[in-house]
Amino acid sequence: MDCSDKEKSFTTNSPNETEALAERIAVGLHGGEVIAFTGGMGVGKTAFTRGLAVGLGAGDVASSPTFAIVNEYEGRLTLEHFDMYRIETWDDLYSTGFLV
């Protein structure tokens, strides 16, 4: 993806559609991209991440990192899945291994 893609929006209507969209997006990733999204429980954040993992060749391995805060999946690229729910400060973020 290039910078012009950041303005796009997509609507999906099921977990399967969300995963399929993320798989298609994963094909265009080159490494170093940050994809950030927000939403309450059950809106599809983990389904999207699962699709990215599949699209990057890591398999159907993604699960919510709520308790671990970060999960890492190895595929064509490394996918780091952060749950920012309990991150309140830069120190909290740094402690997860996130590098700015």
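**Group meeting: helix packing and a hairpin**

Let me start with Ala22, which, apart from neighbours within four places in sequence, is in contact with Phe48, Gly51 and Leu52. Before going on, I should say that this is a predicted model.

Ala22 also belongs to the largest nonpolar core, and so do two of the residues just named, Phe48 and Leu52. That core has twelve residues. The others in it are Leu21, Ile25, Ala26, Leu29, Ala53, Leu56, Ala58, Tyr73 and Leu79. Two elements, helix 1 and helix 2, each give two or more residues to this core, and helix 2 covers 45–55. The most comes from helix 1, which gives four residues.

Now to another residue of helix 1. Glu19 is found in this helix, which runs over residues 15–27. Is Glu19 buried or exposed? Its relative accessible area is 18%, and the cut-off for buried is under 20%, so Glu19 counts as buried. Which residues does Glu19 touch, leaving aside neighbours within four places in sequence? They are Ala47, Arg50 and Gly51. Gly51 is also on the contact list of Ala22.

Last, the strands. Strand 1 takes in residues 70–74 and strand 2 residues 78–82. How many bridges join strand 1 to strand 2? There are five, and the two strands run antiparallel. Together they form a hairpin, with three residues between them. Within this pairing, Glu72 stands opposite Glu80 in strand 2. As a general point, side chains in a regular strand alternate between the two faces of the sheet.

Notes
Residues are numbered from 1 along each chain as its sequence is written. This is a predicted model: local features need pLDDT of at least 70, side-chain atom pairs count only at pLDDT 80 or more; totals for chains, interfaces and linings use all residues. Side-chain values use heavy atoms; hydrogens and water are left out. Buried means under 20% relative accessible area, exposed over 50%, partly exposed in between (1.4 Å probe, protein chains only). Contact means heavy atoms within 4.5 Å. A nonpolar core is a set of buried Ala, Val, Leu, Ile, Met, Phe, Trp, Tyr and Cys residues joined through side-chain atoms within 4.5 Å. Two strands pair if DSSP finds at least two bridges between them.
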